[in-house]
Amino acid sequence: GIRKQAVEATATTVPTRFVFSSNGFTTESALTSSKIGWGSLAKIHETSADFVFYPQKRIFLPIPKRFFQEEQIDQMRRFISEAAKGPELP
């Protein structure tokens, strides 16, 4: 199901900038911007090629690992691990 949704979503996507921190991440594009705290995500899934963030059960944001440097991938894993341990950091 995710692959089919990804193909359909590709037709309507615009370049988006993501900025990650220990509190969560922000997204910015020509159409919209938002802030998402780690604690507000329904699920985070890591595949061999992507980090997939689920703000809702059926809504997802895939971020390809190829967009990160290796040390940034390790930092992302730490952010996700800390978020899974408990409440969102202040």
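**Core, fold and selected residues of a predicted model**

Q: What makes the residues of the largest nonpolar core a core, and which of them touch the most other members?

A: This core has 13 residues, and Phe 20, Phe 25, Trp 38, Phe 51, Phe 53, Phe 68 and Met 76 touch the most other members. The term denotes a set of buried Ala, Val, Leu, Ile, Met, Phe, Trp, Tyr and Cys residues joined through side-chain atoms within 4.5 Å. H2 provides the largest share, 4 residues, and strand S5 (50-56) and H2 each supply at least two.

This is a predicted model, in which local features need pLDDT of at least 70, side-chain atom pairs count only at pLDDT 80 or more, and totals for chains, interfaces and linings use all residues. Residues are numbered from 1 along each chain as its sequence is written, and side-chain values use heavy atoms, leaving out hydrogens and water.

Q: Which residues are in contact with Met 76, leaving aside its neighbours within four places in sequence?

A: They are Phe 20, Trp 38, Phe 51, Phe 53 and Phe 68, where contact means heavy atoms within 4.5 Å.

Q: Why is Lys 65 called buried or exposed?

A: Lys 65 has 11% relative accessibility and therefore counts as buried, since buried means under 20% relative accessible area, exposed over 50%, and partly exposed in between (1.4 Å probe, protein chains only). Lys 65 belongs to the loop between strand S6 (59-64) and helix H2 (70-85). Beyond its neighbours within four places in sequence, Lys 65 is in contact with residues including Glu 46, Asp 50, Phe 51 and Arg 77.

Q: Why is Gly 39 called buried or exposed?

A: The relative accessibility of Gly 39 is 56%, so Gly 39 counts as exposed. Gly 39 lies in the loop between strand S3 (33-37) and strand S4 (43-46). Its C-alpha atom is separated by 9.7 Å from that of Pro 55, 16 residues apart along the chain.

Q: What pattern does the protein follow along the sequence?

A: The pattern is α-β-β-β-β-β-β-α, with 2 helices and 6 strands. Helices (H or I, at least four residues) and strands (E, at least two) are DSSP runs, numbered from the N terminus.

Q: Why is the protein said to be as compact as a globular protein of its length?

A: Its radius of gyration is 13 Å, close to the 12 Å that the globule rule gives for 90 residues, so the protein is as compact as a globular protein of that length. The radius is taken over C-alpha atoms, and the rule is 2.2 Å times the number of residues to the power 0.38.
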